[in-house]
Amino acid sequence: MGMPRLRQAYVPQPVVDRSAVDLRGYIEGQDPVSKQPFMQEVLNGLLSPLDEADLQGLTFERTTPRLVEPDSEDNLQRLFEENHWTDMLPIVLPTEARVEAMLKGTSHAADTIVGRLRPTAFREFWEFTVEKVAVNAVMAGARPEYFPVILALASSGISARSSSTNSFATITVVNGPIRNEIAMNSGIGVMGPYNHANATIGRAFGLLSQNLQGGSVPDDTYMGSLGNWYAYTAVLPEAEERSPFFGGWYTHAGYGPRATWQEKMRRSLAAVEQYSQPLFVMDPIVARGFVDLGFDTKEKLIAWCADNALMTAREYWDNQWIQYLMRPRAVAGVEPYASRFKAKPDEVIKIFEPSEINIVVAGGETQGAWKMISGSLRATVSIDAWR
């Protein structure tokens, strides 16, 4: 946040589903990290004068050894696993020769700063170079021609290894000519493990995130209660040429649009987590079906979804994360949350704005299938900038 450091105090987890007595015990108990009384930690952080660490200035550098000692392949694989440098699947060992070959995929120098990452909003950023991204791209099994895409992901500032207790994962959509240049698959099996570029680009994003943001170690720097299999690899290219439109956390699935598509969509929209916006991934067959129904742009279908994503105000505000994330905005008068907050308990309200809903057309046209997954837009980055 531009500060040299952020003073922190901690209570144990979880805080959800705990009684008032338990929560009071957290506050009156010890900070599990410092082993000091929690409230004393809070007061010390707020009231104690700035010390040398506060005044030394801001730095993002986190120097790590460039090389490890040589050993057998089996021992090195085990070393990477034990140090949590992998996703617990076998890796391509990043020798100097392999990293040098990967670097040929970009015009940027090895010591160029790519960006900064952190696993959660309250931890400090770590800064990293093109070479460090190349190391992780090699580990993932990627090819040099994929490297600009991987560098673009690394530069986004968005982690593929979020430490949220909700177990979020990051899903990436690739657009533009690069999809065909590196033979990404936007057809049959687009969301499955059937294309080398799709799979290794997504895996590289995950590996570079956990290694270049300060870790992704369960019960230490990763606190996702369930984890998320999307964290292995979650990259898909959009089938732009076959899209008739111009212009996780949950997954629902369907077909069509059939005669009862409106009822199906309404049920799906009502069943999503209302604080986590929906991303529709639909086969071109589905997209053409919606065009035939008059939805000739993504914006028109998105507008229909926003108008039909409905639930009662009581159900909306009973969601613990809506209370935590949206209620403060509602109380402060921020729209549309303020109007939702004023609604009577049994009043039906809209739960998404059109700007919060996204549509991607991809698939092999073997079935008119669609999926609705948790997918709020976090950032867009240019791949050409990293060629």
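These questions and answers walk through a predicted model.

Visitor: Which residues have the most contacts inside the largest nonpolar core?
Guide: Nonpolar side chains tend to be buried together in soluble globular proteins. Here the largest such core has 41 residues. Those with the most contacts inside it are Val114, Val133, Phe147, Ile150, Ile201 and Leu208.

Visitor: Which elements give two or more residues to this core?
Guide: One strand is on the list, β1 (113-117). The helices on it are α4 (73-82), α5 (96-103), α6 (130-140), α7 (147-155) and α9 (196-212). In order along the chain, the answer is α4, α5, β1, α6, α7 and α9.

Visitor: What does Ile201 contact, leaving aside its neighbours within four places in sequence?
Guide: Ile201 is among the residues with the most contacts inside the largest core. Its contacts beyond those neighbours are Tyr146, Val149, Ile150, Leu153, Ile182, Met184 and Val235.

Visitor: How many residues does the other core have?
Guide: This core lies apart from the largest one. Tyr250, Trp317, Tyr337 and Ile359 are among its members. Its count is 36 residues.

Visitor: Is Pro148 buried or exposed?
Guide: Pro148 sits in helix α7. Not counting residues up to four places away in sequence, Pro148 touches Gly105, Ile383, Trp386 and Arg387. Buried means under 20% relative accessible area. Pro148 has 4%, so it is buried.

Visitor: How far apart in space are Pro148 and Gly105, C-alpha to C-alpha?
Guide: Gly105 is one of the residues that Pro148 touches. In sequence the two are 43 residues apart. In space, their C-alpha atoms are 6.8 Å apart.

Visitor: Which element gives the largest share of the lining of the largest cavity?
Guide: A probe the size of a water molecule, rolled over the atoms, shows where empty space is left. The largest cavity has a volume of about 60 Å³. Its lining includes Gly202, Phe205 and Gly206, along with Tyr230, Ala231 and Tyr232. The largest share, three residues, comes from α9.

Visitor: How many charged residues are in the lining of the second largest cavity?
Guide: This cavity has a volume of about 40 Å³. Among the residues that line it are Gln274, Tyr337, Arg340 and Glu356. By class, six are nonpolar and two are polar. The charged residues number two.

Visitor: Which element gives the most to the lining of the second largest pocket?
Guide: The pocket holds about 1100 Å³ of space. Of its 35 lining residues, the closest to its centre are Pro65, Arg66, Val68, Phe80 and Val135. At least two lining residues each come from α4, α5, β2 (126-129), α6 and α9. The most, five residues, come from α6.

Visitor: In β10, what is the bridge partner of Leu279?
Guide: Strand β6 (residues 278-282) runs antiparallel to β10, with five bridges between them. Strand β5 (residues 251-255) is also antiparallel to β10 (residues 369-374), again through five bridges. On the β5 side, Thr251 stands opposite Ile373. The partner of Leu279 is likewise Ile373.

Visitor: Which residues of helix α12 (residues 298-308) are buried?
Guide: Their cover includes helices α10 (261-271) and α11 (284-292). It also includes strands β6, β7 (310-312), β8 (348-350) and β9 (358-361). The buried residues are Lys298, Leu301, Ile302, Trp304, Cys305, Ala306 and Asn308.

Visitor: Where is Pro336, which follows a cis peptide bond from Glu335?
Guide: Most peptide bonds are trans. The bond from Glu335 to Pro336 is cis, with omega near 5°. The bond from Gly256 to Pro257 is also cis, with omega near 15°. Pro257 is in the loop between β5 and α10, while Pro336 lies in the loop between α15 (327-331) and α16 (337-342).

Visitor: What is the phi of Glu365?
Guide: Most residues other than glycine have a negative phi. Lys35, in the loop between α1 and α2 (38-47), has a positive phi near 65°. Glu365 lies in the loop between β9 and β10 and is partly exposed, at 30% relative accessible area. Its phi is also positive, at about 60°.

Technical notes. Residues are numbered from 1 along each chain as its sequence is written. This is a predicted model: local features need pLDDT of at least 70, side-chain atom pairs count only at pLDDT 80 or more; totals for chains, interfaces and linings use all residues. Side-chain values use heavy atoms; hydrogens and water are left out. A nonpolar core is a set of buried Ala, Val, Leu, Ile, Met, Phe, Trp, Tyr and Cys residues joined through side-chain atoms within 4.5 Å. Buried means under 20% relative accessible area, exposed over 50%, partly exposed in between (1.4 Å probe, protein chains only). Helices (H or I, at least four residues) and strands (E, at least two) are DSSP runs, numbered from the N terminus. Contact means heavy atoms within 4.5 Å. On a 1 Å grid over the protein atoms alone, a cavity is a set of points where a 1.4 Å probe fits but cannot get out, and a pocket is an open set with protein on both sides within 12 Å along at least five of seven lines; lining residues have an atom within 4 Å of a point. Grid points are joined across faces, edges and corners, and a volume is the space filled by probe spheres set on the points. Ala, Val, Leu, Ile, Met, Phe, Trp, Tyr, Cys and Pro count as nonpolar, Asp, Glu, Lys and Arg as charged, and the others, Gly among them, as polar. Two strands pair if DSSP finds at least two bridges between them.
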